[in-house]
Amino acid sequence: MKPVKFTLFDVRPPLARGEEPFPLVRIRVDRLAPGQGLTVIAPFPPAPLIELLRGEGFQSRLERRPDGAWSVSFWKD
């Protein structure tokens with residue numbers, strides 16, 4: 001795997017406002033250039049997002065954070 005520069009997007013604030021974060025994630029994913037990735041911070045494992053992006057050819061890595069939230073990084077090889 002080549003080095004990837006990840007951008008961080010915390011979906012907890014939009015969720016707290018009652019907003020659906022997927023469109024905001026989609027915008028960021030669509031803007032990724034080769035060598036770039038996106039790390040999403042969420043209060044739960046975003047399984048549907050992982051499956052959707054896997055179907056689009058993205059790799060992912062899911063980790064539990066010390067604050068109890070989940071971090072999932074997406075990139076393409």
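Two strands are said to pair if DSSP finds at least two bridges between them, and the pairings in these close-up views of a predicted model are to be read in that sense.

**Figure 1. Strand E2 and its two pairing partners, E1 and E4, in the predicted model.** Strand E2, which spans residues 36-42, pairs with strand E1 (residues 5-10) in the parallel sense over six bridges, and within this pairing Lys5 has Gln36 as its bridge partner in E2. Strand E4 (residues 70-75) is joined to E2 by five bridges, and here the two strands run antiparallel. Along the pairing of E2 with E4, Thr39 stands opposite Ser73, while Leu38 stands opposite Phe74. E2 is mostly covered, since six of its seven residues are buried.

**Figure 2. Strand E4, with both of its faces covered.** Six of the six residues of E4 are buried, so the strand is largely enclosed by the rest of the structure; the cut-off behind this reading is a relative accessible area under 20%. One side of E4 carries Trp70, Val72 and Phe74, and the other carries Ser71, Ser73 and Trp75, with the residues of both sides all buried. Phe74 of E4 has Leu38 opposite it, and Ser60 likewise stands opposite Phe74.

**Figure 3. The hairpin of strands E3 and E4.** Strand E3, residues 59-64, pairs with E4 in the antiparallel sense, and six bridges make up this pairing. Five residues lie between the two strands of the hairpin, where Gly68 takes a positive phi near 95°. The bridging in this view includes Ser60, which stands opposite Phe74 of E4.

**Figure 4. The largest pocket and the residues that line it.** The volume of the largest pocket is about 230 Å³. Its lining consists of 13 residues, of which Glu20, Pro21, Phe44, Pro46 and Leu49 are the closest to the centre. Helix H2 (22-30), strand E2 and helix H3 (47-55) are the elements that give two or more residues to this lining, and H3 contributes the largest share of it, three residues. Sorted by class, the lining has twelve nonpolar residues, no polar residues and one charged residue.

**Figure 5. Pro23 in helix H2, viewed together with Leu38.** Pro23 is found in helix H2 and is partly exposed, because its relative accessible area of 42% falls between the limits of 20% for buried and 50% for exposed residues. Pro23 and Leu38 are separated by 15 residues in sequence and by 14 Å in space, taken from C-alpha to C-alpha. Leu38, for its part, stands opposite Phe74 in E4.

**Figure 6. The whole chain, as context for the close-up views.** The protein has three helices and four strands, which follow the pattern β-α-α-β-α-β-β when read along the sequence. A compact globule of 77 residues would have a radius of gyration near 11 Å, and the 12 Å of this protein agrees with that expectation. Taken along the principal axes, the C-alpha atoms fill a box of roughly 35 × 25 × 20 Å. Of the 77 residues, 32% are buried. Among the contacts between residues at least 6 apart in sequence, 61% join residues that are at least 24 apart.

Note on methods:
Residues are numbered from 1 along each chain as its sequence is written. This is a predicted model: local features need pLDDT of at least 70, side-chain atom pairs count only at pLDDT 80 or more; totals for chains, interfaces and linings use all residues. Side-chain values use heavy atoms; hydrogens and water are left out. Buried means under 20% relative accessible area, exposed over 50%, partly exposed in between (1.4 Å probe, protein chains only). On a 1 Å grid over the protein atoms alone, a cavity is a set of points where a 1.4 Å probe fits but cannot get out, and a pocket is an open set with protein on both sides within 12 Å along at least five of seven lines; lining residues have an atom within 4 Å of a point. Grid points are joined across faces, edges and corners, and a volume is the space filled by probe spheres set on the points. Ala, Val, Leu, Ile, Met, Phe, Trp, Tyr, Cys and Pro count as nonpolar, Asp, Glu, Lys and Arg as charged, and the others, Gly among them, as polar. The radius of gyration is taken over C-alpha atoms; the globule rule is 2.2 Å times the number of residues to the power 0.38. Contact means heavy atoms within 4.5 Å.
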